[in-house]
Amino acid sequence: MNKNAKKSILIIDAQGGGIGRQLISELKKAYPETELIAAGTNSQATAAMLKAGADHGATGENAIAVCAQRADIIAGPIGIVIADSLYGEISPRMAKSVGQSRAVRVLIPMNHCDNIVVGVSDLNVGRLVQEAVLRIGQELEK
């Protein structure tokens, strides 16, 4: 990535958009010059992320597939790369689009929907979001 070019960060979330909302809020404070695109699997998730300060928002399978191909960095809960996760809101096409994107993926490990990530049981969501923001910052500096 060209350090001087404006970076595009795609934040994907489902359900109520709580993780995405937290990510966008923290990223906007830490890196206000970046373009933050909120892509929700549903309109409630997208609205929550837009309210947190996303520059753009889009909803649904096609929006996620298209935005994933254009982003420099993709962030969200780990379920965005697992088909049928997040209570079925992540379609196989969404997971494939994120997985095949040229973007760097910063995935927040979450233990639900029968997907268990070993070693993260003691970490709270706020701490995980802070770690994600730090990792995204490292990618922005490259």
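Okay, one definition before I start: when I say buried, I mean under 20% relative accessible area. And keep in mind that this is a predicted model.

Let's begin with helix α1, residues 18–30. With 13 residues at 1.5 Å a residue, α1 should span 18 Å, and its end C-alpha atoms are 19 Å apart, which agrees. So which residues of α1 are buried? They're I19, G20, L23, I24 and L27. Those five cover an arc of only 125° around the axis, which puts them on the same side of α1. The general background is that an α-helix has 3.6 residues a turn, so residues three or four places apart point the same way.

What do the buried residues of α1 pack against? Quite a list: the strands are β1 (8–13), β2 (35–40), β4 (73–77) and β5 (104–108), and the helices are α2 (43–51) and α6 (125–141).

Now the strands. β1 and β2 run parallel, joined by six bridges, and L10 stands opposite I37 in β2. Put α1 together with β1 and β2, and you have a right-handed β-α-β unit.

Then there's a second unit. β2 also runs parallel to β3, residues 56–59, and here four bridges join the two. A38 has G57 as its bridge partner in β3. β2, α2 and β3 again make a right-handed β-α-β unit. As for β2 itself, five of its six residues are buried, so the strand is largely enclosed by the rest of the structure.

On to the nonpolar cores. The largest one has 22 residues, and the members that touch the most other members are I9, I11, L23, I24, L27, I108 and I136. You'll recognise L23, I24 and L27 from the buried residues of α1. Which elements give two or more residues to this core? Those are β1, α1, β2, β4, β5 and α6. α6 gives the most, with six residues.

Have a look at I108 while you've got the model open. Leaving out residues up to four places away in sequence, I108 touches I19 and L23, then G76, P77 and I78, and also L128, V129 and A132. I19 and L23 belong to the buried set of α1.

Apart from that largest core lies another one, of 17 residues, with I12, A39, L86 and A95 among them. As a general point, in soluble globular proteins nonpolar side chains tend to be buried together.

That's my tour, thanks.

Notes:
Residues numbered from 1 in each chain as written. Predicted model: local features only at pLDDT ≥ 70, side-chain atom pairs only at ≥ 80, totals over all residues. Heavy atoms only, no water. Expected span 1.5 Å × (residues − 1). Buried < 20%, exposed > 50% of the residue type's maximum accessible area, 1.4 Å probe, protein only. Arc of directions from axis to C-beta. Contact = heavy atoms within 4.5 Å. Pairing = 2+ DSSP bridges. Right-handed = clockwise from strand over helix to strand, strands pointing away. Core = buried A, V, L, I, M, F, W, Y, C linked by side-chain atoms within 4.5 Å.
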